[in-house]
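Here is my note on the model you sent. Please read it with the structure open.

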Amino acid sequence: MKKRILTGDRPTSDSFHLGNYVGSLQNRVKLQDEYETFILIADLHALTTHFDRTDVLKENIKGLMLGYLSVGLDPDKVTFCLQSGLPETTEIAYYLSTLTPRAVIQRQPALKEKLDQGNQDTVGLYYYPVLMAADILTPRAHLVPVGKDQKAHVEFARDIAIKFNNLYGEVFPIPEPLIGEVPTLPGTDGAGKMGKSTGNAIYLTDSKEVVEKKVMGMYTDPNRTSPTVPGNVEGNPVFTYLDAFSDSSHQSQVTSYKERYKEGTVGDVEVKKFLVEVLNTFLEPIRERRKKYEEDPELVEKILKEGTQKARIEAKKTLTEVKKAMKLNYFD
Ligand code: TRP
């Protein structure tokens, strides 16, 4: 039997950017044949920051679905599911919470970050890793492809699975995190990682023209006042993007641009124009697939609905086993 993947995203936005792609989406696409893949839209987790903005959830859920399908996740292979349609998961989360030391929850770095960002100090926010562990353990996933920022949560899920199995018997496989090839893609401003809130992102939905505008305005080596000044390739976001998004047909040009940049025999504008070409080559098939699915919203809806039904069958099976293992099967 194939091993399983579970991963997912919160519907706090309706689109993905290049950083999401190299951090996690790329691994999902690559592994969809080898693993039985579940992709979860975590609307319950979105409540931790968006409980007062639930009117945006519906559009965001649709946007994430279009994003998944457009990068080439195949609905015949992947089970897409919605967290609020899987009530068994929240029940399992409660059981896991009884094994969770309070201190571990209070120490999680993501909690501090969310509180520093001004989010409300709610019990839901503290419960975040417990629910995420339940998301992973309910379909009995072996592998969890996520961005680097989520690694600690997957490690928590591992610890809690080990603890559960030791106490009650082997119910859960021990899940492993899988982090993308480029764990932190810099933003177009070179100031930090690409993010939705920082205005330094290139989106998978950006048009050719928008990509061109963003790339031509990108941060490069600030010491290069003219094309004859030898430049830095290391840590230069233009070259980081070239490495991340060029295909084999661009390889020799990438190598030659790096050499010429270091020698001071090429201008920034020329390299950026080349990057525009590379990114648009990468984005074009994504745009085409998206257009196809945008024209058929009922199909997209059906994929999520049927996926959730399928995931629920698995969730019910696991819940039955969990309750049996915990001797919570009094009425059976
Ligand atoms: N916390 C994840 C994020 O914000 C989303 C998520 C919820 C998730 N449940 C998950 C990711 C389970 C992987 C596995 O990106």
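1. **Burial, and helix α10.** Buried here means under 20% relative accessible area, and exposed means over 50%. The model is a predicted one. By that cut-off, 7 of the 9 residues of helix α10 (residues 237-245) are buried, so the helix is largely enclosed by the rest of the structure. The buried residues are Pro237, Val238, Phe239, Tyr241, Leu242, Ala244 and Phe245. What do they pack against? Their partners are α1 (18-31), α11 (251-263) and α12.

2. **Domains.** The domain assignment splits the chain into domain 1 (4-185 + 297-325) and domain 2 (208-290). Their C-alpha centres are 34 Å apart. Across the boundary, 12 residues of domain 1 are in contact with 11 residues of domain 2.

3. **The largest nonpolar core.** This core holds 55 residues. Those with the most contacts inside it are Leu18, Met65, Tyr68, Phe80, Leu185, Leu204 and Phe245. Helix α12 (residues 268-294) supplies the largest share, 10 residues. Domain 1 and domain 2 each contribute at least three residues to this core. Apart from it lies another core, of 36 residues. Leu40, Leu99, Ala141 and Val154 are among the residues of that other core.

4. **Leu18.** Which residues does Leu18 touch, once neighbours within four places in sequence are set aside? Its contacts are Leu185, Met194, Ile202, Leu204, Phe245, Leu279, Phe282 and Leu283. Of these, Leu185, Leu204 and Phe245 are also listed with Leu18 among the residues with the most contacts inside the largest core. Phe245 is one of the buried residues of α10 as well.

5. **The ligand site.** There are 14 residues around the ligand. His45, Tyr128, Met132, Asp135 and Gln150 come nearest. Three side chains deserve a check of their polar geometry. A ligand nitrogen is 2.6 Å from an N or O atom in the side chain of Tyr128. For the side chain of Asp135, the corresponding distance to a nitrogen atom of the ligand is 2.7 Å. Gln150 places a polar side-chain atom 2.8 Å from a nitrogen atom of the ligand.

6. **Asp135.** This residue is in helix α7 (residues 123-137). Its relative accessibility is 7%, so Asp135 counts as buried. Beyond residues up to four places away in sequence, Asp135 touches Leu6, Leu40, His45, Gln83 and Thr89. His45 is also among the residues that come nearest the ligand. The unreviewed UniProt entry carries a "binding site" annotation that covers Asp135.

7. **Leu82.** Leu82 lies in strand β3 (residues 78-82). At 18% relative accessibility, it counts as buried. Leaving out residues up to four places away in sequence, Leu82 touches Leu40, Ile41, Asp43, Ile61, Leu304 and Thr308. Leu40 is also touched by Asp135. Leu82 and Leu185 are 103 residues apart along the chain, with 28 Å between their C-alpha atoms.

8. **The loop between β5 and α9.** Two residues of this loop are worth a look. Asp206 lies between β5 (176-179) and α9 (208-216). Is Asp206 buried or exposed? Its relative accessibility is 9%, so Asp206 counts as buried. The side chain of Asp206 makes a polar contact of 2.7 Å with the side chain of Lys214. Setting aside neighbours within four places in sequence, Asp206 is in contact with Ala201, Val211, Lys214 and Arg287. Tyr203 is in the loop too, and at 17% relative accessibility it counts as buried. With neighbours within four places in sequence left aside, Tyr203 is in contact with Ser15, Phe16, His17, Gly195, Lys196, Lys214 and Leu283. Lys214 thus appears in the contact lists of both Asp206 and Tyr203.

9. **Backbone points.** Two residues other than glycine have positive phi. Arg140 has phi near 55 degrees and lies in the loop between α7 and β4 (143-146). Lys327 has phi near 60 degrees and sits in the segment after α13 (297-325). Which of the two settings is buried, and which exposed? Arg140 counts as buried at 19% relative accessibility, whereas Lys327 is exposed, with a relative accessible area of 67%.

Definitions and conventions
Residues are numbered from 1 along each chain as its sequence is written. This is a predicted model: local features need pLDDT of at least 70, side-chain atom pairs count only at pLDDT 80 or more; totals for chains, interfaces and linings use all residues. Side-chain values use heavy atoms; hydrogens and water are left out. A nonpolar core is a set of buried Ala, Val, Leu, Ile, Met, Phe, Trp, Tyr and Cys residues joined through side-chain atoms within 4.5 Å. Buried means under 20% relative accessible area, exposed over 50%, partly exposed in between (1.4 Å probe, protein chains only). Helices (H or I, at least four residues) and strands (E, at least two) are DSSP runs, numbered from the N terminus. Domain bounds come from an automatic or database domain assignment. Contact means heavy atoms within 4.5 Å. UniProt positions are given in the numbering used here, feature names are shortened, and annotations may be inferred rather than shown by experiment. A residue is near a molecule or strand if one of its heavy atoms lies within 4 Å of it. A polar contact is a pair of N or O atoms within 3.5 Å; within protein, one must be able to donate a hydrogen and the other to accept it, and residues adjacent in sequence count only if both atoms are side-chain atoms.
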